[in-house]
Amino acid sequence: MNTPIKHAQNLIDFIYQSPSPYHVVSNLKSILKGKGFLELKLTEKWDLKKGEKYYVTQNETALFAFVVGTGEIEECGFKIVAAHSDSPSFKIKPSPEIAVDDKYIKFNTETYGGPILNTWLDRPLSVAGRVSVKSENPLQPKTYLLHIKKPILVIPNLPIHFNRTVNDGVALNKQIDMLPVTATVNETINKQLLLATKIAEEINVPVEDILEVDLNLFDVAKGSIIGLNDEFISSGKLDDLAMVHAGLVAFADAPICNSTNVLAIFDNEEVGSRSKQGAGSPILKDILIRITSVLGKSEEDTQRAIYSSFMVSADMAHALHPNHPDKHDPVSRPIINGGPVVKIEGNQKYTTDSNSSAVFEMICKKANVPYQKFVNRSDMVGGGTLGNVSAGQLAIRSVDVGNPMWAMHSVCETSGVEDHTYMINALSSFYKLN
């Protein structure tokens, strides 16, 4: 198996094992522990040593790992790669069971982020996330990760016979059209506690001990490598688990150097990052300040360290669409397997400026990695990402990059096999800089 295929298959496996942000962080923790990283707690005292490797989590959905550099931190600063653990989906509402004519049971849901709704129809779906359970300490409920691997849900389409104009385009109502069906009604099921009963079986606790859940829907189908020449990755959650995985591989295998390497995986980017575990919170700033403080540095040294730092904000980018090239800028048109994309936007939805773009371009050249540039058409408004949100907390140099992909926010997206290795190599080159 050649290296790009191996990296792509490892990415597919990682995504398949990460059906929720909680599982993303759980899997990251397992991998980092295997690489010799030590877990820290935000609520406990830290004792840090140069050359040692650590990680800390927030809300079990965000993770911040770092390797303390051997140089003086105020002079060498931090090298940060940031990505996010969440993807557009549907969230289970409280008491979700809805009976239909006493024949079917469906679950009440709400959209999370901006999914392409019609891609979720007629797919085998299930639920995953975190379950909070009664404990002796009301301030510390017990928590369990839930991953129901069996497909238990489907959101059925309306047949064309009931909607003859469906192929002319249809507006899907999130409260009416997007509710998943889970079962037919019979004498043995508890219509009011159907989901809670299933959860209790899965995590082996009494149903009455279950207090609250944070569960999202996911497509149970595993991704695959496709294309006549095995050039494409087809999978859900490529936005942004492809960048999480690329950052992890580059970070975990990087040599210890003078500067302090950081991997920052935020949550809630798809809904604006305004949470305690999102890029809009002070969590990353607090951790960087804490590192310098524990190392015995002054407040001025901390400021010097921050302003000596550089961040690569890694979130997926749009590739030239083969059926809609008209949707793209007439000049800057990234293609799949053409290399990482530097994202540029004059109105500052991306953090890239001429200086930070030049930094990333030199990093790519040093790693023999091709790179591309993306700008929106001037008459279209694009999306933002975590880089510019984080800049409101940390005023450090930053560049927004990502691998090119099709169908961003679809339940099944497409990216490039070669691009994943390109990004790993580029980020590896970045982490090796002193």
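Tutor: Two strands are said to pair if DSSP finds at least two bridges between them. Strands are DSSP runs of E with at least two residues, helices are DSSP runs of H or I with at least four, and both are numbered from the N terminus. This is a predicted model, in which local features need pLDDT of at least 70 and side-chain atom pairs count only at pLDDT 80 or more, whereas totals for chains, interfaces and linings use all residues. Residues are numbered from 1 along each chain as its sequence is written, and side-chain values use heavy atoms, with hydrogens and water left out.

Student: What makes β4 and β14 a pair?

Tutor: Strand β4 (residues 78-84) and strand β14 (residues 310-314) are joined by 4 bridges in the parallel sense. The criterion asks for at least two bridges, so these 4 qualify the strands as a pair. Within β14, F310 is the bridge partner of K79.

Student: Why are β1 and β17 said to stand at the edges?

Tutor: They belong to an open sheet of 9 strands with mixed pairing, ordered β1-β2-β3-β13-β4-β14-β18-β16-β17. β1 (38-39) and β17 (372-374) each have a single partner strand, so one side of each lacks a neighbour in the sheet.

Student: Which are the edge strands of the open sheet formed by 5 strands?

Tutor: That sheet runs in the order β11-β12-β20-β19-β15, and its pairing is mixed. Its edge strands are β11 (224-226) and β15 (317-318), since each of them pairs on one side only.

Student: How do you know that β11 and β12 pair?

Tutor: β11 and strand β12 (residues 232-235) share 3 bridges in the antiparallel sense, and at least two are required, so the condition is met. I225 stands opposite I233 in β12, and I226 stands opposite F232 in β12. The two strands form a hairpin with 5 residues between them, and in the turn G227 has a positive phi of about 105 degrees.

Student: How many bridges join β12 to β20?

Tutor: The antiparallel strands β12 and β20 are joined by 4 bridges. E413 in β20 is the bridge partner of S235.

Student: Why is Q9 called partly exposed?

Tutor: Buried means under 20% relative accessible area, exposed means over 50%, and partly exposed lies in between, as assessed with a 1.4 Å probe on protein chains only. Q9 has a relative accessible area of 26%, so it is partly exposed. Q9 lies in helix α1 (residues 3-16).

Student: What does Q9 touch, not counting residues up to four places away in sequence?

Tutor: Q9 touches K222 and I225, where contact means heavy atoms within 4.5 Å. The C-alpha atoms of Q9 and S224 are separated by 7.7 Å, although the two residues are 215 residues apart along the chain.

Student: How do you know that C364 is in no disulfide?

Tutor: A disulfide is a pair of cysteine sulfur atoms within 2.5 Å. The nearest cysteine sulfur to C364 is that of C257, at 18 Å, so the pair does not meet the limit. A search of the whole structure likewise finds 0 disulfides.

Student: What makes C364 buried and C412 partly exposed?

Tutor: C364 has 0% relative accessibility and therefore counts as buried. C412 has a relative accessible area of 27%, which makes it partly exposed.

Student: What makes a set of points a cavity, and what makes it a pocket?

Tutor: On a 1 Å grid over the protein atoms alone, a cavity is a set of points where a 1.4 Å probe fits but cannot get out, while a pocket is an open set with protein on both sides within 12 Å along at least five of seven lines; lining residues have an atom within 4 Å of a point. Points are joined across faces, edges and corners, and a volume is the space filled by probe spheres set on the points. The structure holds 1 cavity of 30 Å³ or more. The largest cavity is lined by L11, I233, A242, M316, N403, S415, G416, D419 and H420, with β20 (413-416) and α10 (417-432) each giving two or more residues.

Student: What volume has the largest pocket, and which residues lie nearest its centre?

Tutor: The volume is about 550 Å³. Of its 20 lining residues, T57, N59, E60, R130 and T143 lie nearest the centre. The largest share of this lining, 4 residues, comes from α2.
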